[in-house]
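Colleague: I am new to this structure. Could you take me through the labels used for it and show how each one is reached?

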Amino acid sequence: MHTTREGVALWVRARHVHEMRPDRRLDEYAARQFGAFSLEQARETGMTDRMVDGRVRSGAWVRLAPGVYALASSPPVWERQLAAAVLSRPGSLVAGRSAALLHGFTGVAKSRPVIMVPLEGNPRSPIARIVRSRHFAEVEQVRVRGFPVMSPSETIVFIAGEFGPTRLEVLVDDCLASGSFDADSLMATIEARKGQRGITVLRRLAAERLADSYQPPATELERLLYRLLSNPRIPPVVRQFPFPIEIIPMTVDAYIPRWRLIVEADGRRWHTRKADFERDRQRDNLATATGVAVLRFSYSMLTRSPDSCLATVLETGRARSLAS
């Protein structure tokens, strides 16, 4: 028979083991969710309200939002905040710039998490921007790094209004080149989301990249480019400049010697541009290695946003003049 002291010690050990089991089970949730977990998940492991309160008071857990916690030992990274946002709205999905970041879209920085909920959902959150949508049930979803995320084509339609035409075109071309989507699937998503901000410009870009899209004759494209470069604020331009083959093995549409700047007009159909994508990047890299900068403008850029193209040339020239 155990003494009273031995009995108390056994009871304490048994209680400790009993309370450790929920923690170990909860670690499995947290490991999949960047350290975050919901109160419901904690209760599923056997945690009682008293155990939850005790861990918060002791500092073992951090409360991120109503009903959402994180292990204090987990790094306070952006992904943890995003996981907490999704957990705070069961059934939601990652949207907007947060989705773009998970998909690897270029030029998208980490910011306040964005999640989408049905139209009747609660739009308030201390840790995220909540977007309510009447199309929620129709939005195509994929899983990325464990998160439920709107598909790449849905994402670019959603954020189209947040970018100017030139920046949006670069983003579309990057996505097409990386295989995130093709022009046909992008166009299908565009037609399903009529009325979205920025959709008119995005539809035009997608149409220009379809297999049967119009592309101008080389002479028309050159006329547009040289008209742009005839601005009096731009130094003398050499047309069809042949670089020495040992330096840069190509003849370029335009070269501005004072700024050491190549300006090219791209009139190829998208599928041809995609096939030549790697070669173009190799030549651009070679030019950069020799101290020459490269700007490329598509037919759409030159016709739809010539002022933006001119501003890019002038700003690039100004920066190179200051650096020299």
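Modeller: This is a predicted model. One label to begin with concerns Arg260, which counts as partly exposed at 37% relative accessibility.

Colleague: Why is Arg260 called partly exposed?

Modeller: Buried requires under 20% and exposed requires over 50%. The value for Arg260 is 37%, so the residue is partly exposed. Arg260 sits in the loop between β10 (251–256) and β11 (261–266). Its phi is positive, about 50°, although Arg260 is not a glycine.

Colleague: Where is Phe34, and what is its phi?

Modeller: Phe34 is in the loop between α1 (4–32) and β1 (36–38). Phe34 is not a glycine either, and its phi is positive at about 55°.

Colleague: What makes Phe34 buried, exposed or partly exposed?

Modeller: Its relative accessible area is 26%. That value falls between the limits of 20% and 50%, so Phe34 is partly exposed.

Colleague: How do you know that Cys175 and Cys309 are buried?

Modeller: Cys175 has 3% relative accessibility, which is under 20%, so it counts as buried. Cys309 has a relative accessible area of 0%, so it is buried by the same limit. For the protein chain of 324 residues, 47% count as buried.

Colleague: How many disulfides are there?

Modeller: Zero, from a search of the whole structure. The search asks for a pair of cysteine sulfur atoms within 2.5 Å.

Colleague: Now to the helices. How many helices and strands does the protein chain have?

Modeller: The protein chain has 14 helices and twelve strands.

Colleague: Why are α6 and α8 called oblique to each other?

Modeller: The axes of α6 (residues 152–159) and α8 (residues 183–192) cross at roughly 55° and come within 9 Å. Roughly parallel needs an angle under 35 degrees, and roughly perpendicular needs 65 to 115. The angle of roughly 55° fits neither class, so α6 and α8 are oblique. The crossing of α6 past α8 is right-handed.

Colleague: Which residues make the contact between α6 and α8?

Modeller: From α6 they are Ser153, Glu154, Ile156 and Val157, and from α8 they are Ser185, Leu186, Thr189 and Ile190. By class, the residues of this contact are four nonpolar, three polar and one charged.

Colleague: Where does Asp182 lie, and how far is it from Ser153?

Modeller: Asp182 is in the loop between α7 and α8. Asp182 and Ser153 are 29 residues apart in sequence, and their C-alpha atoms are 8.7 Å apart in space.

Colleague: What makes Asp182 partly exposed?

Modeller: Its relative accessibility is 42%, which lies between 20% and 50%, so Asp182 counts as partly exposed.

Colleague: What makes α7 oblique to α9?

Modeller: Helix α7 (residues 165–178) and helix α9 (residues 199–208) pack at an angle of about 45°, with their axes 10 Å apart. An angle of about 45° is not under 35 degrees and not within 65 to 115, so α7 is oblique to α9. In passing α9, α7 makes a right-handed crossing.

Colleague: Which residues of α7 and α9 are in contact?

Modeller: Pro165, Leu168, Glu169 and Val172 belong to α7, and Val201, Leu202 and Leu205 belong to α9. The residues of this contact divide into six nonpolar, no polar and one charged.

Colleague: Over the protein chain, what share of contacts joins residues at least 24 apart?

Modeller: The share is 57%, among contacts between residues at least 6 apart in sequence.

Technical notes
Residues are numbered from 1 along each chain as its sequence is written. This is a predicted model: local features need pLDDT of at least 70, side-chain atom pairs count only at pLDDT 80 or more; totals for chains, interfaces and linings use all residues. Side-chain values use heavy atoms; hydrogens and water are left out. Buried means under 20% relative accessible area, exposed over 50%, partly exposed in between (1.4 Å probe, protein chains only). Axes are lines fitted to C-alpha atoms, for helices over the stretch in contact, and angles run from 0 to 180 degrees between N-to-C directions. Helices (H or I, at least four residues) and strands (E, at least two) are DSSP runs, numbered from the N terminus. Angles under 35 degrees count as roughly parallel, over 145 as roughly antiparallel, 65 to 115 as roughly perpendicular and the rest as oblique. A crossing is left-handed if the near helix is turned anticlockwise from the far one by less than a right angle, and right-handed if clockwise. Contact means heavy atoms within 4.5 Å. Ala, Val, Leu, Ile, Met, Phe, Trp, Tyr, Cys and Pro count as nonpolar, Asp, Glu, Lys and Arg as charged, and the others, Gly among them, as polar.
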